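Let's take a walk through this one together. Have the viewer ready and follow along.

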Amino acid sequence: MDFQLTEEQEMIRKMSREFSDEVIAPRAKEMEETGEPPYDIISKMAELGLMGIPFPEEYGGSGGDWVSQLLCTEEISRGDVTLGTLLDVTTGIVCQELYVFGTEEQKRQWMVPLAQGKEIGAFGLTEPNAGSDAGATQTTAVLEGDTWVVNGTKQFISNMGYKNSSLVIITARCPQFKREDGKGVINTFVVPKGTSGFTIGMHWDKMGLSSYPTNELVFQDCRIPRDYLLGRDGRGFAQHLQVLETGRIFIGAIAVGLAQACFDASLAYAKQRYQFGQPIYSFQAVSFKLADMAMNIALARLMYLKAAWIKDEGLPHSLEASYAKLFSSEMAERAASDAVQIHGGYGYMTDYAVSRYYKAAKLLQIIEGTSEIQRYVISHNL
Amino acid sequence: MPGINMIVCSKQVPDPEAPPSLFKVDTVANKMVTGPEVKPVISQYDEFALEAALRIKDKLGGKITALSLGNKIVRDVIKKALAVGADDLILLEDEAFDGGDSWSTAHALVAAIKKIGQYDLILCGRQSSDWDAGQIGLGIAEILGIPAVTLVRKVEVTDRKAKVERVIPDGYEKIEVTLPAVITVTSELGALRYATLKGIMAAAKKQPIVWKPADIGLESSQVGAAGRRIKLTKLFQPVKEAKCEVIEGETAAEAGANLAMRLRQAKLL
């Protein structure tokens, strides 16, 4: 048993922390207000190699491990959650899906620029009528000769609205190829931006994370070559679920970063805010909230790191990923609520970062499988 | 001038950004004591010196050797020098190096620099973030008998010379110095770049070279506390008293006059 990070992991954490404190955090308020993605910061993250830490250098990565990528994600998210979720989708899910299931050619063509951070990838699972029930996909892909013809709509898709978004990986039902139950199999496909018949539709305004683009994607007789099928025929849904497990560890790390930001802001405020002639930290009503916050953050951090470590060991980790996602996101929502409470009236004002944290925290209980879906996963693994 | 050899002195210090309440003074031992919450970092001015060296290397190529003296030097802290682009890292690391003064430290660093042998430019921070003595760079230059320029905000190397800009209160001086030379770098030069993942991965695989006093031809009695020439007689935290006195008056003008009188009485006007 050894809780010590390696030298390399510790250095990556320190660098990410400095970058987050010095470059990201000072810009977070402006990003939320303008809704503009911080392209300069994203390209700096790419230059530093933060977008592909666990992948081999030959595929554009840095040859590190998932623990390092997630430590980095925690620190980045502490500065601003939108950049953590960017990493979750492009690195944790899209890059990984290409890396694990892609052919050599697909990796060279699509994964390398994503892992290098030059391009951004998106992941299209959710549909207007397929949310938690992601297997109910209504998007179809029909093979005509050597071309797949895709029709359907994907909803609330992150990462496709950046200037340098390059592709989306989608799930679609293929009615020509039946499963045992008579339904068409679900496959995954790569659809590059600019493909005829693929439109990046409406941009959603969200409660928080405004600088993080969320769009509807429309496929109307969208034709892609046969070899844009990713992975094994008929295994698309299973493949998606497999990489989503990693997405859940990412949400764990993002939530810990967010909760840490809540804690740091609240501790500093509680020590300098005087009421009744003393700092409000001297009242147990406040200091006990902070004690709970500190303890829960420490626990959540252990959970996502353990899940990441198991993943690095190449062992099954769906239970640990769900534990980390569920506990951390619920913990972060509580921490954000307490952070606003500790700040009182000021906390509700947008001048104070905690109001932004509160809006961001709610999302973490929904994306990459709601809290309810995590409980479902956990209960079915017991 | 290709192949310029640079040595950057970098010291591990307790993070000066840590809350002041975590720094205590042991008045018996005349030592500063910090809790485990205060993490070590590379002294910030030394980071600027490292950045100066990296900019020269970006332009001209060459070799950067980072040199650090201390005891219990934390590897993931000091290896930042390698991660950002230094080629070698040499640690003068031993219990005997503990508790030195500017003299014994400069003396030991010079012994190491002589052992390294090849150097065109030695870069130091203008002072350390912990003791702020600002003597190491000058001490090294003095012992080696080479020129030194302090408070440098910009440096360019051409043809066995360095053109530097030295910060003065109202602006800066342009100075040309022949090499080899020591320069001490100030914050105006700009912050140290971030280490890239590639740099970190390479640094983690590289081991620093560790030299004990004997490796640089010194006795334990010549380094650290034993080699001190300065005795610290008293280290204490001054007690700061803040008193608030409200100056009153019937009218604003009268209150203003009373305030002026009170300030004059306190010899502040």
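What follows is a tour from the overall layout of one chain to salt bridges, rings and a surface patch.

Keep in mind that this is a predicted model. Start with chain B, whose C-alpha atoms fill a box of roughly 75 × 45 × 40 Å along the principal axes. Chain B has seven helices and 13 strands, and 43% of its 269 residues count as buried. The domain assignment splits chain B into domain 1 (4-227) and domain 2 (239-269), with their C-alpha centres 48 Å apart.

Now for the charges. Over all chains, the count comes to 35 salt bridges. A good one to pull up is B:Asp76 with A:Lys14, where the closest N and O atoms are 2.4 Å apart. That pair crosses between chains, going from helix H2 (residues 75-78) of chain B to helix H1 of chain A. B:Asp76 counts as buried because its relative accessibility is 15%, while A:Lys14, at 25%, is partly exposed.

Stay on helix H1 of chain A and you'll find A:Glu10 and A:Arg13, three residues apart, or about one turn of the helix. They form a salt bridge too, with the closest N and O atoms at 3.9 Å. A:Glu10 is buried at 16% relative accessible area, and A:Arg13 is buried at 16% as well. There's also a salt-bridge network linking A:Arg17, A:Asp21, A:Glu75 and A:Arg78.

Elsewhere in chain A, A:Glu127 and A:Lys154 make a salt bridge with a closest N and O distance of 2.7 Å. It ties together distant parts of the chain, 27 residues apart: A:Glu127 is in the loop between strands S1 (120-124) and S2 (140-144), and A:Lys154 is in strand S3 (residues 147-158). Both A:Glu127 and A:Lys154 are buried.

On to the rings: the whole structure has 17 aromatic pairs over all chains. Take A:Trp110 and A:Tyr228, which meet edge-to-face at 4.8 Å centre to centre, with 90° between the planes. They sit 118 residues apart, with A:Trp110 in helix H6 and A:Tyr228 in the loop between strands S7 and S8 of chain A. A:Trp110 and A:Tyr228 are both buried.

Ring pairs also join A:Phe55, A:Tyr59, A:Trp66, A:Tyr99 and A:Phe250 into a cluster. A:Trp66 has A:Lys311 over its face, 5.0 Å from the ring centre. Similarly, the charged end of A:Lys163 sits over the ring of A:Tyr39, 4.2 Å from its centre.

Finally, look at the surface. A:Met1, A:Phe3, A:Leu299 and A:Leu302 make a nonpolar patch of about 520 Å². A:Phe3 lies in the segment before helix H1 (7-24) of chain A, and it counts as exposed because its relative accessible area is 61%.

How values were computed. Residues are numbered from 1 along each chain as its sequence is written. Chains are lettered from A and ligands numbered from 1 in the order in which they are written. This is a predicted model: local features need pLDDT of at least 70, side-chain atom pairs count only at pLDDT 80 or more; totals for chains, interfaces and linings use all residues. Side-chain values use heavy atoms; hydrogens and water are left out. Patches are made of residues with over 30% relative accessible area and no salt bridge: like charges are joined within 9 Å, nonpolar side chains (Val, Leu, Ile, Met, Phe, Trp, Tyr) within 5 Å. Accessible areas come from the Shrake-Rupley method with a 1.4 Å probe; for residues, only the protein chains shown count as cover. A salt bridge is a side-chain nitrogen of Lys or Arg within 4 Å of a carboxyl oxygen of Asp or Glu. Helices (H or I, at least four residues) and strands (E, at least two) are DSSP runs, numbered from the N terminus. Buried means under 20% relative accessible area, exposed over 50%, partly exposed in between (1.4 Å probe, protein chains only). Rings of Phe, Tyr and Trp (its six-membered ring) pair if their centres lie within 6.5 Å; planes under 30 degrees apart count as stacked, over 60 as edge-to-face and the rest as tilted. A charge sits over a ring if NZ of Lys or CZ of Arg is within 6 Å of the ring centre and within 35 degrees of the ring normal. Domain bounds come from an automatic or database domain assignment.
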